[in-house]
Protein chains: 2
Amino acid sequence: MENKGVLFVISAPAGCGKDTILNEFFLHTNTAGYAVSATTRKPREGEINGVHYHFLTVEDFKAKIQCGEVLEYTEYCGNYYGTLKKSVNDLINSGKDAVLKIEVEGAMNIRKQFPDSCLVFILPPSLEVLEQRLRGRGTETEEKIIERTTQAKNELKFAENYDYLIVNDDLKTAVDDLLSVFRAEKLRRTRCGEVLKNVMGEKN
Amino acid sequence: MENKGVLFVISAPAGCGKDTILNEFFLHTNTAGYAVSATTRKPREGEINGVHYHFLTVEDFKAKIQCGEVLEYTEYCGNYYGTLKKSVNDLINSGKDAVLKIEVEGAMNIRKQFPDSCLVFILPPSLEVLEQRLRGRGTETEEKIIERTTQAKNELKFAENYDYLIVNDDLKTAVDDLLSVFRAEKLRRTRCGEVLKNVMGEKN
């Protein structure tokens, strides 16, 4: 009913299964998506500007960072990758929900720029379980495991600034939790001004 | 995870399908229920005090009203029926969610007594549709229909004091909306203090 979409910001310490949850989540929704990313790398064959990526020159990308038009970015193999404020706005203005995966400090920044955003934090069942999971991968050194667990503990301190907390103990439960959060958040009265006007017939 | 239940207060103008939605809703949840009502009528055979009703004398019931222990009540065929504050507290302290169906002014009262309660307003798609539905029943006089539509319009003004708005256009959608609201509301960080402590291992 003509409501704007919502920007959902999802954070989680490494090893909490954020990507697995989001992959599964997107199989069950058609009202949410990632904003189109911007990059300074060259387009590959078939990639369309504005669809697969916003392709920018390094100068443009840096200028946009300076102007505060880039919500978050990273450098990888000599190229910049990031999310433009405009891409998020285009998505939510079209009525779709935008999803942004971002670490805790970035999330606090987004909240300032999008006060209406909804912040979701995905938690491990416990720090011990997280440590076991990291160890279970068998790909991390002991040093790395300790580093990640310590980092997770620090990140968890930010959880109290989030709107929703989802514990990833069981994948299906966590995905259903996330689906419910997206659905319910859009029913919050503070987001439903248009709905109420429609019902009252005040749109004429 | 040791969270208390939530008191959900559901209001809707007559003809919005509140009871149909709730009946369907309860088929899909086992974590929510109505608080046990209190009444001054005599127990029927097989009815157990504290299970089917809290059976009270008229004097007790009136005394509890005076003490503010009755959240809402009504008189019907010479007997009182109502909800005791204690019944709601017993339910939410056991970890279950309590559901209270109540009209708008009563709901505002509940909010004062339970600041943590969650208020859900069920709306018709429009006032015209509501009028058509009331007329479609074929059981109401024209006078009654106009009275009810006017009353609905007045009740809708209270919607802006509720936490969630659900439009009952399609029954299944409205039931799924309500299920999502119950699920998501319990994931709100402000209700998840214990969860966070558990994850951080601060319960030991």
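Colleague: How many residues of chain A are in contact with chain B?
Modeller: Happy to start there, and please keep in mind that this is a predicted model. On the other side of the contact, chain B contributes 30 residues. The count for chain A is 30 residues.

Colleague: Which element gives the largest share of the side of chain A that touches chain B?
Modeller: The elements that give two or more residues to that side are strand 9 (164–167), helix 7 and helix 8 (193–200) of chain A. By class, this side of chain A has 19 nonpolar, four polar and seven charged residues. The largest share is six residues, and it comes from helix 7 of chain A.

Colleague: Are helix 1 of chain A and helix 7 of chain A parallel or oblique to each other?
Modeller: The axes of helix 1 (residues 18–27) and helix 7 (residues 171–185) of chain A come within 9 Å and cross at roughly 60°. The crossing of these two helices is right-handed. An angle of that kind falls outside the parallel, antiparallel and perpendicular ranges, so helix 1 and helix 7 of chain A are oblique.

Colleague: How many residues of the contact of helix 1 with helix 7 of chain A are nonpolar?
Modeller: Helix 1 of chain A brings A:Thr20, A:Ile21, A:Glu24 and A:Phe25 to the contact. From helix 7 of chain A come A:Leu171, A:Ala174, A:Val175, A:Leu178 and A:Leu179. Besides one polar and one charged residue, the nonpolar ones number seven.

Colleague: What is the handedness of the crossing of helix 5 and helix 6 of chain A?
Modeller: Helix 5 (residues 127–137) and helix 6 (residues 142–156) of chain A have axes that come within 10 Å and cross at roughly 145°. Among the residues that meet are A:Leu127 and A:Glu131 in helix 5, and A:Ile145 and A:Arg148 in helix 6. The contact divides into five nonpolar, one polar and four charged residues. The crossing of helix 5 and helix 6 of chain A is right-handed.

Colleague: Which residues touch the most other members of the largest nonpolar core?
Modeller: In soluble globular proteins, nonpolar side chains tend to be buried together. Here the largest nonpolar core has 110 residues. Leaving aside neighbours within four places in sequence, the contacts of A:Val120 include A:Phe8, A:Ile10, A:Tyr164 and A:Leu178. The residues that touch the most other core members are A:Val120, A:Leu165 and B:Val120.

Colleague: Is B:Leu165 buried or exposed?
Modeller: B:Leu165 lies in strand 9 (residues 164–167) of chain B. Not counting residues up to four places away in sequence, B:Leu165 touches residues of chain A, including A:Leu187, A:Val195 and A:Leu196, as well as B:Phe121, B:Leu123 and B:Ala159. There are 25 other C-beta atoms within 10 Å of B:Leu165, and 20 or more are needed to count as buried. B:Leu165 is therefore buried.

Colleague: How far apart in space are B:Leu165 and B:Val120?
Modeller: In sequence, B:Leu165 and B:Val120 are 45 residues apart. In space, C-alpha to C-alpha, the distance between B:Leu165 and B:Val120 is 6.0 Å.

Colleague: Why is B:Glu47 counted as partly exposed?
Modeller: B:Glu47 sits in the loop between strand 3 (37–39) and strand 4 (54–55) of chain B. Leaving aside neighbours within four places in sequence, B:Glu47 is in contact with B:His52 and B:Tyr53. A residue with 12 or fewer C-beta atoms within 10 Å would be exposed, and one with 20 or more would be buried. B:Glu47 is partly exposed because the number of other C-beta atoms within 10 Å is 13.

How values were computed: Residues are numbered from 1 along each chain as its sequence is written. Chains are lettered from A and ligands numbered from 1 in the order in which they are written. This is a predicted model: local features need pLDDT of at least 70, side-chain atom pairs count only at pLDDT 80 or more; totals for chains, interfaces and linings use all residues. Axes are lines fitted to C-alpha atoms, for helices over the stretch in contact, and angles run from 0 to 180 degrees between N-to-C directions. Helices (H or I, at least four residues) and strands (E, at least two) are DSSP runs, numbered from the N terminus. Angles under 35 degrees count as roughly parallel, over 145 as roughly antiparallel, 65 to 115 as roughly perpendicular and the rest as oblique. A crossing is left-handed if the near helix is turned anticlockwise from the far one by less than a right angle, and right-handed if clockwise. Two residues are in contact if their C-beta atoms, placed from the backbone, lie within 7 Å. Ala, Val, Leu, Ile, Met, Phe, Trp, Tyr, Cys and Pro count as nonpolar, Asp, Glu, Lys and Arg as charged, and the others, Gly among them, as polar. A nonpolar core is a set of buried Ala, Val, Leu, Ile, Met, Phe, Trp, Tyr and Cys residues joined through C-beta atoms within 7 Å.
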